Amino acid sequence: MPTLGIDLGGTFARAAVVDAKGNIIASAKMALGERSPSAVVESIAHAAKAAVDTAGTPVQGCGVGAAGQIHGESGVLAVAPNLGWRNVPLGEMLRTRLGYPVRVVNDLSAAAWGELNAGAGRGSQDMYTVFVGSGVGSAIIAGGRLVTGGGGVAGELGHIKVVPNGRRCGCGELGCLEAYAGGHNLIAQTRELLATGRSQVLKELTGGDPARVTPVTLEQAAEAGDAEAREIYERASLMLAVAVANQVTVLNPARLILGGGVLTHCPGIRRRVVEGVQAFASTTSREGLLISDAELGDDSGLIGAALLA
Ligand SMILES: [Zn+2]
């Protein structure tokens, strides 16, 4: 019997009915209005009902991929920054509202599970997935199992420290990888440079408008030879490359899957990460390593959540 997958982001809840092979039978999307837990549960329930009605088939369980830190298998969302939540028992609330078993996992874990079973990781037992989008995250699959850690927060690559007491990260701590190399912070650093007025290239690329800065703008400015843009860009790329290479050395995955908006839209950063893994991971750990791009795009979390249900 198919299962239901939910992808809970900061602005939308998406739901899909997915078969055992990871094919989407039907899907629906609901904008989140009010962000209170009960209002969000209602939005999820509406999206779920629409997907199940369209599919015209019953489902036997539900998996949820949510952006935030989940307390192990409890279904409690300990911290969800983009919803402003702390300690919300999302799994229990949804179980009551939907009437079937619900499993809640981190969104990146769901996406990695989707890639493992229906995407770029098919056939693999040991896989490391890195996503660089607005933040930096990763998920570990070892021996065919999702590694979630003692407290459910394993794989937080974005919050390894790369500069002791460095730039402040969105998590509140200092010197995290994400504070230098996450898309949100690539934009912030580029805007800081634009605001100094020293970069003629950035002025031309954006018309002086900070709202037009994206990670792609930074890549273009660096490639156009702007020295200061290049410094931000090369530093971020090198930090990412060394971080990912070190994870390869520690975990010795058979596959390394790369995904997320920054790695998809900034080919120069992606190339530096791949070359960095080849240069900095230990020789033995990267023997036979296959590096590929995530295949399922925005659907990986939906499919993975459903398959984890
Ligand atoms: Zn952090």
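How far apart do the C-alpha centres of domain 1 and domain 2 lie? In this predicted model, those centres are 27 Å apart. The chain is split so that domain 1 takes 3-115 + 299-308, while domain 2 takes 124-293.

Now for the place where the two domains meet. Here are the basic numbers:

| Between domain 1 and domain 2 | Value |
|---|---|
| Residues of domain 1 in contact | 11 residues |
| Residues of domain 2 in contact | 14 residues |
| Buried area | about 1,000 Å² |
| Share of buried area on carbon and sulfur atoms | 71% |
| Salt bridges | zero |
| Residue pairs in polar contact (both at pLDDT 80 or more) | zero |

On the domain 1 side, Leu-108, Ala-112 and Trp-113 lose the most area to domain 2, and together they make up 45% of what that side buries. Strand E5 (69-71) and helix H3 (107-118) are the elements giving two or more residues to this side. Of what they give, H3 supplies the most, with six residues.

On to the nonpolar cores. The largest one has 42 residues, and Val-130, Leu-157, Leu-177, Leu-240, Leu-256 and Ile-269 touch the most other members. Helix H8 (residues 227-251) is the top contributor to this core, giving 10 residues. Apart from that core lies another of 34 residues, including Ala-26, Leu-90, Tyr-100 and Val-104.

Val-130 is worth a closer look. Leaving out residues up to four places away in sequence, Val-130 touches Leu-157 and Leu-256, along with Gly-137, Ser-138, Val-244, Ile-257, Leu-258, Gly-259 and Leu-263. As background, nonpolar side chains tend to be buried together in soluble globular proteins.

Technical notes. Residues are numbered from 1 along each chain as its sequence is written. This is a predicted model: local features need pLDDT of at least 70, side-chain atom pairs count only at pLDDT 80 or more; totals for chains, interfaces and linings use all residues. Side-chain values use heavy atoms; hydrogens and water are left out. A nonpolar core is a set of buried Ala, Val, Leu, Ile, Met, Phe, Trp, Tyr and Cys residues joined through side-chain atoms within 4.5 Å. Buried means under 20% relative accessible area, exposed over 50%, partly exposed in between (1.4 Å probe, protein chains only). Helices (H or I, at least four residues) and strands (E, at least two) are DSSP runs, numbered from the N terminus. Contact means heavy atoms within 4.5 Å. Domain bounds come from an automatic or database domain assignment. Buried area is the accessible area (1.4 Å probe) that two parts lose on being put together, summed over both. A salt bridge is a side-chain nitrogen of Lys or Arg within 4 Å of a carboxyl oxygen of Asp or Glu. A polar contact is a pair of N or O atoms within 3.5 Å; within protein, one must be able to donate a hydrogen and the other to accept it, and residues adjacent in sequence count only if both atoms are side-chain atoms.
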